Amino acid sequence: MIILNRQILILFLLAGFQVYSQKQISEKFSKTVDKAVKALNVKSPPVSDPVSVNTTLVYNDDKTQVAVIVKAKILQGWHIYAYVPKTEPYIQYKMILDAPKTLIPLTEWSKPGSYPYEDNIFVYKGEVIFTRYFSVKGVTAGTKISAGLAYQTCDIKQCLPPNTKVKELKL
């Protein structure tokens, strides 16, 4: 009973932190990020490479916060793995972000909705968007960061080798 109460307390604390972090992001900035997501162009992927990825940065008005956006298009009939149990051989996606420690996370990565697949596996299909907000403190203009996605893509007949697509961005 004590362990369960501790787990519940931890969940409430984590949820409270997420709500607190979200409150730090203005509605205006959120709308600016939404517009940038819609405007971010991702090339249609070819059959030989069924996932295309593009990334961008969006600042708030006073440049004290930045959003990192990673957008991917997955060719129809293909998927990447959103969740894979440890008992399964597939490779779950992973967000890639190499940024200076002075970029302080305000949120976790937002995740798109996933689809149930089989054996408790969940997948992403179509267009997927990941966004994460940061506070910008003491970052020199022109500092480079890398953002992207590591994944394994499969269709009904085959799985391709794991792949990583990363783009370098300047703060």
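In what order do the 4 strands of the open sheet stand? The views below take up that question and then move on to other parts of this predicted model.

**View 1. An open sheet built from 4 strands.** The strands run in the order β6-β7-β3-β10, and their pairing is antiparallel. At the edges stand β6 and β10 (153-154), each with a single partner strand, so one side of each has no neighbour in the sheet. Look next at β3 and β7, which pair in the antiparallel sense over 3 bridges. Here you will find Tyr81 opposite Val123 in β7.

**View 2. Tyr81 and Tyr117 meet edge-to-face.** Among the aromatic pairs, which come to 6 in the count, this one has its ring centres 6.4 Å apart and an angle of 85 degrees between the planes. The pair brings together distant parts of the chain: Tyr81 belongs to strand β3, while Tyr117 sits in the loop between β6 (115-116) and β7 (122-124), 36 residues apart. Tyr81 has a relative accessible area of 1%, so it is buried. Tyr117, at 36% relative accessibility, counts as partly exposed. Together with Tyr90, Tyr81 and Tyr117 make up one aromatic cluster.

**View 3. Tyr93 and Tyr124 form another edge-to-face pair.** The centres of these two rings lie 5.4 Å apart, with 70 degrees between the planes. Again the partners come from distant parts of the chain, 31 residues apart: Tyr93 from the loop between β3 and β4 (94-98), and Tyr124 from strand β7. Are these two tyrosines, Tyr93 and Tyr124, buried or exposed? Tyr93 counts as buried because its relative accessibility is 10%, and Tyr124 counts as buried at 3%.

**View 4. The largest nonpolar core gathers 26 residues.** Those with the most contacts inside this core are Ile80, Tyr93, Tyr124, Phe130 and Leu149. At least two core residues come from each of β1, β2, β3 (79-83), β8 (127-136) and β9 (144-151). Of the contributors, β2 gives the most, with 5 residues. For a closer look, centre on Leu149: beyond its neighbours up to four places away in sequence, Leu149 touches residues including Val53, Ala72, Ile80, Tyr93, Met95, Ile96 and Phe130. Polar and charged residues are on the list too, among them Lys94, Asn163, Thr164 and Lys165. Elsewhere there is a second, separate core of 11 residues, with Phe29, Val37, Ile69 and Leu106 among its members. As background, nonpolar side chains in soluble globular proteins tend to be buried together.

**View 5. Asn60 makes polar contacts in the loop between β1 and β2.** This loop joins β1 (51-59) to β2 (65-74), and Asn60 lies within it. With 14% relative accessibility, Asn60 counts as buried. Its side chain makes a polar contact of 3.0 Å with the side chain of Asp62. A polar atom of the Asn60 side chain also lies 2.9 Å from the backbone nitrogen of Thr64. Setting aside neighbours within four places in sequence, Asn60 is in contact with Phe29 and Gln65.

**View 6. Two lysines sit over tyrosine rings.** Which ring does Lys63 lie over? The partner is Tyr59, with Lys63 over its face at 4.7 Å from the ring centre. Similarly, the charged end of Lys125 is placed over the ring of Tyr115, 4.6 Å from its centre.

Note on methods:
Residues are numbered from 1 along each chain as its sequence is written. This is a predicted model: local features need pLDDT of at least 70, side-chain atom pairs count only at pLDDT 80 or more; totals for chains, interfaces and linings use all residues. Side-chain values use heavy atoms; hydrogens and water are left out. Buried means under 20% relative accessible area, exposed over 50%, partly exposed in between (1.4 Å probe, protein chains only). A polar contact is a pair of N or O atoms within 3.5 Å; within protein, one must be able to donate a hydrogen and the other to accept it, and residues adjacent in sequence count only if both atoms are side-chain atoms. Contact means heavy atoms within 4.5 Å. A nonpolar core is a set of buried Ala, Val, Leu, Ile, Met, Phe, Trp, Tyr and Cys residues joined through side-chain atoms within 4.5 Å. Rings of Phe, Tyr and Trp (its six-membered ring) pair if their centres lie within 6.5 Å; planes under 30 degrees apart count as stacked, over 60 as edge-to-face and the rest as tilted. A charge sits over a ring if NZ of Lys or CZ of Arg is within 6 Å of the ring centre and within 35 degrees of the ring normal. Two strands pair if DSSP finds at least two bridges between them.
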